[in-house]
Amino acid sequence: MEKILDVNNLQVSFHTYAGEVKAVRGVSFELSEGETLAFVGESGCGKTVTAKAIMRLLQPPFAEIKEESQITYRDKDVMKMSKKELQEYRGNEVSMIFQDPMTSLNPTMTIGKQIMESLILHRNLNKEEARKEAINMLKLVKIPDAEKRADSYPHQLSGGMRQRVMIAIALSCNPSLLIADEPTTALDVTIQAQIMDLLSELKTKMNTAIILVTHDLGVVANFADRIQVMYAGQVIERGTAREIFYDAKHPYTWALLSSVPRLDTENKQELYALQGTPPDLILKMHRCPFAARCEYCMDICKEAMPEETTVSGTHKVSCWLQHPDAPQVKSYYDKKKEV
């Protein structure tokens, strides 16, 4: 399949009164046409910043994408795009579903007009054509009584409906790449499943590549082709969904998997919780960023940054436990699987 996105050594910093916060530190990945890639990790690990950097939505001087960063979309250098090229790139080529639809949608405009705005700007439709297409998009994302709902305001819709509107806006220009930033946040489990089923259906129908940003491994289990686990602004493990769920190698990935409730867990059994907090991203990172929270931490983990080890052609991990001289350990997650 054709490669559409190539990100190499992405580095993003935020300049604050306390110092330079290095939010993303050397993230690299590729994405092919029609593929789904998930970024997984706890809050503050750099998932959303990476997604916004791809869209060039981080505004200087507060935010800075370092010169060494390379973002290539279909052989075009995104970092060197002019304002006109960026306008074409955003919407027509790459769209984003933002995290909170209530704050992302304009409360003073009907949802129909908000979809029409994108269609008029990017597809040069007149108002009549844009309204007709906006109603079609609402039908596509399965909003009932689309003609009537087009004249509704965001506050008149439920959380699930607002999220569907955000998806309709993002897909209105038939983008090749859709970035979904926590698309199921603040929705109940039933609505979460409906939204993920909708994205999966639209992906198949429109052959759209998707980058899914989430902290919930349960959301990506049956949706993502590949998963990248992020921690402290770095990708610490990457692989296919099957490799991450059934053969994870990093203690942080084990912790994420262990914290997901299981149907076969004994009644009233305490759910695993990872202790400690992520490192301060203002500080220099000269050792494994997870060392202070890792129950398998060795002396070398506190002294040097682990290199990325290749487990298979698609599976890579940055952890000293993969070194030939490291002890063989059994994770809490492996023990749970054996029960």
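The exercises below, each with a worked solution, concern the predicted model shown above.

Residues are numbered from 1 along each chain as its sequence is written, and side-chain values use heavy atoms, with hydrogens and water left out. Because the model is predicted, local features need pLDDT of at least 70 and side-chain atom pairs count only at pLDDT 80 or more, whereas totals for chains, interfaces and linings use all residues.

**Exercise 1. The sheet**

Determine the strand order of the open sheet and name its edge strands.

Solution. Begin with the terms: strands (E, at least two residues) and helices (H or I, at least four residues) are DSSP runs numbered from the N terminus, and two strands pair if DSSP finds at least two bridges between them. Under these rules eight strands form an open sheet with mixed pairing, in the order β7-β8-β9-β3-β10-β11-β13-β12. The edges are β7 (94-97) and β12 (308-310), each of which pairs on one side only. From one strand to the next, the twist averages 20 degrees. Within this order, β10 (residues 226-231) and β11 (residues 234-240) run antiparallel and are joined by six bridges, with V229 standing opposite E237 in β11.

**Exercise 2. Helices on the sheet**

Identify the strands that α1 and α11 lie across, and give the angle of each helix to one strand.

Solution. Contact means heavy atoms within 4.5 Å, while axes are lines fitted to C-alpha atoms, for helices over the stretch in contact, with angles from 0 to 180 degrees between N-to-C directions. Helix α1 (residues 47-54) lies across β3 (36-40), β7, β8 (177-181), β9 (209-214) and β10, and runs at about 150 degrees to β9. Helix α11 (residues 251-258) lies across β3, β10 and β11, at about 105 degrees to β10.

**Exercise 3. A helix pair**

Classify the packing of α4 against α5 from the angle between their axes.

Solution. The axes of α4 (residues 111-123) and α5 (residues 127-140) are 8 Å apart and meet at an angle of about 120 degrees. Angles under 35 degrees count as roughly parallel, over 145 as roughly antiparallel, 65 to 115 as roughly perpendicular and the rest as oblique, and α4 and α5 are therefore oblique to each other. The contact involves residues of both helices, including I115, M116 and L119 of α4 and A130, A134 and L138 of α5.

**Exercise 4. Cysteines**

How many disulfides are there?

Solution. A disulfide is a pair of cysteine sulfur atoms within 2.5 Å, and by this rule the count is zero. C288 is in no disulfide, as the nearest cysteine sulfur, that of C301, is 5.7 Å away. For C319 the closest cysteine sulfur also belongs to C301, and at 6.3 Å this is too far for a bond. Buried means under 20% relative accessible area, exposed over 50% and partly exposed in between (1.4 Å probe, protein chains only), so C288 counts as buried at 9%, and C319 is buried at 9% as well.

**Exercise 5. Backbone geometry**

Is R74 buried or partly exposed, and is E182 buried or exposed?

Solution. R74, in the loop between β5 (70-73) and β6 (76-77), has a positive phi of about 45 degrees although it is not a glycine, and its relative accessibility of 25% makes R74 partly exposed. E182, in the loop between β8 and α8 (189-206), likewise has a positive phi of about 45 degrees without being a glycine, but E182 is buried, with a relative accessible area of 6%.
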